[in-house]
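Welcome, and thank you for stopping by. Please take a moment to look over the sequence and the structure before reading on.

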Amino acid sequence: MKKLLTTFALASSCLLFSGEWKNISYYGKFYPVSGNKQAVTRYCKLDIKTPETKNFPTLVWLHGGGLKWGDKFFPQEINTNKIAIVAVNYRLAGKTVSHPDYIYDAAAAVSWVLDNIKKYGGDPKKVYISGHSAGGYLSAMIALDKKYLKTFGHSPKELAAVYPVSGQMTTHFQILAERRQKDPAVKDLAVDEYAPIYHASKEAPPMIFFCGDPQRDIASRVEENQLIYSRMKRIYKHKDIKFISIPETSHGTCLMPSMAIINDTILRLNK
């Protein structure tokens with residue numbers, strides 16, 4: 001009987017370090033909630049896929065969709081035999097959801113990973129963040145504006161690196177649209193507290209800004225990312241910052257090659 005229990009315990013411990021978990025709510029009772037709580041219950045969930053190793057790196061993935069659409073998924077370019085993926089859903093803008101709710105959601109999800117990934121076999125010192133489009137914007141915001149992670153007891157300095165893919169570096173157009181509902185005179189460009197570039201500093205974690213081709217990505221998207229890169233590199237003297245434009249790719253088609261580079265970068269950093 002003792003041998004049987006030992007065998008069962010060993011099998012259970014193996015399950016802890018490999019597998020897939022779906023729809024985990026990441027707002028625990030100790031995390032403060034802003035905005036609509038019913039929307040938190042509906043949207044704020046994550047999926048985890050882990051390798052069969054221990055102390056693995058983890059990529060937190062934030063989907064795109066203009067902050068109004070989209071759903072969590074695992075990027076196929078990531079080698080899940082060596083890297084865990086946490087795919088996150090966040091509240092989507094609508095009648096009951098507006099800024100900064102979705103930014104706090106991204107920070108809450110990352111904080112949950114920092115607090116819990118060790119239970120799944122991962123190393124909390126090897127947590128990376130990436131996202132495409134709106135997800136790229138969210139990843140940059142929580143990496144650069146300290147207040148979001150601080151709300152949940154964490155700091156951007158705890159992140160191994162952050163890799164926004166074609167994210168907006170000025171104030172997001174959805175936030176401007178929300179403001180325009182109250183004031184039709186709101187312009188289509190702003191750089192304020194909701195712009196990642198507004199928070200650029202040498203204190204940021206390591207970052208790579210990915211974009212498509214300047215002639216094919218969203219208008220001004222490449223230039224915004226070049227500007228934040230230049231400010232962090234040349235003005236703030238950040239020592240671990242890069243900018244990569246993928247030739248011949250659009251806003252959508254730059255995703256796959258960017259994720260392949262992110263995969264290879266994480267593996268190289270964790271040899």
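Two strands are said to pair if DSSP finds at least two bridges between them. Helices (H or I, at least four residues) and strands (E, at least two) are DSSP runs, numbered from the N terminus. Please keep in mind that this is a predicted model, in which local features need pLDDT of at least 70, side-chain atom pairs count only at pLDDT 80 or more, and totals for chains, interfaces and linings use all residues. Residues are numbered from 1 along each chain as its sequence is written, and side-chain values use heavy atoms, with hydrogens and water left out.

Let us start with the sheet. Eight strands would be easy to lose track of, but their order can be followed from one edge to the other: this open sheet of 8 strands runs β1-β2-β4-β3-β5-β6-β7-β8, with mixed pairing. At the edges stand β1 (19-25) and β8 (241-245), each with a single partner strand, so one side of each has no neighbour in the sheet. On average, neighbouring strands of this sheet are turned by 15° against each other, direction ignored. Angles here run from 0 to 180 degrees between N-to-C directions, and axes are lines fitted to C-alpha atoms, for helices over the stretch in contact. As general background, strands of a sheet pair through backbone hydrogen bonds, either parallel or antiparallel.

Now find strand β3, residues 56-62. On one hand, β3 runs parallel to β4 (residues 84-88), and 5 bridges join the two; here L59 stands opposite I85. On the other hand, β3 also runs parallel to β5 (residues 122-132), this time with 6 bridges. Along that pairing, F56 faces G122, and V60 has I129 as its bridge partner.

How many residues of β3 are buried? The count is 7 of the 7, so this strand is largely enclosed by the rest of the structure. Buried means under 20% relative accessible area, exposed means over 50%, and partly exposed lies in between (1.4 Å probe, protein chains only). T58, which sits in β3, counts as buried because its relative accessibility is 0%. Apart from its neighbours within four places in sequence, T58 is in contact with A84, V86, V113, I117, K126, V127 and Y128, where contact means heavy atoms within 4.5 Å.

Further along the sheet, β6 (161-165) and β7 (207-211) pair in the parallel sense over 2 bridges, with V165 opposite F210. In β7, 5 of the 5 residues are buried, so this strand too is largely enclosed by the rest of the structure. In general, the side chains of a regular strand alternate between the two faces of the sheet. Both faces of β7 are covered, with M207, F209 and C211 buried on one side and I208 and F210 buried on the other.

Next come the helices. Helix α4 (residues 134-144) lies across β3, β5, β6 and β7, running at about 135° to β5. Helix α8 (residues 255-269) packs on the sheet as well, touching β3, β5, β6, β7 and β8, and its direction makes about 170° with that of β6.

Helix α4 also meets helix α3 (residues 101-116): their axes come within 9 Å and cross at roughly 70°. That makes α3 roughly perpendicular to α4, a label for angles of 65 to 115 degrees, while under 35 counts as roughly parallel, over 145 as roughly antiparallel and the rest as oblique. On the α3 side, the contact is made by Y102, I103, A106, A107 and V110, and on the α4 side by Y137, L138, M141 and I142.

Finally, visit the loops. N89 lies between β4 and α3 and counts as buried because its relative accessibility is 12%. Its side chain makes a polar contact with the side chain of H63 (3.5 Å), and the side chain of N89 also reaches the backbone nitrogen of K72 at 2.7 Å. A polar contact is a pair of N or O atoms within 3.5 Å; within protein, one must be able to donate a hydrogen and the other to accept it, and residues adjacent in sequence count only if both atoms are side-chain atoms.

P100 lies in the loop between β4 and α3 too, and the peptide bond from H99 to P100 is cis, with omega near 5°. In the loop between β5 and α4 you will find S133, which has a positive phi of about 60° although it is not a glycine.
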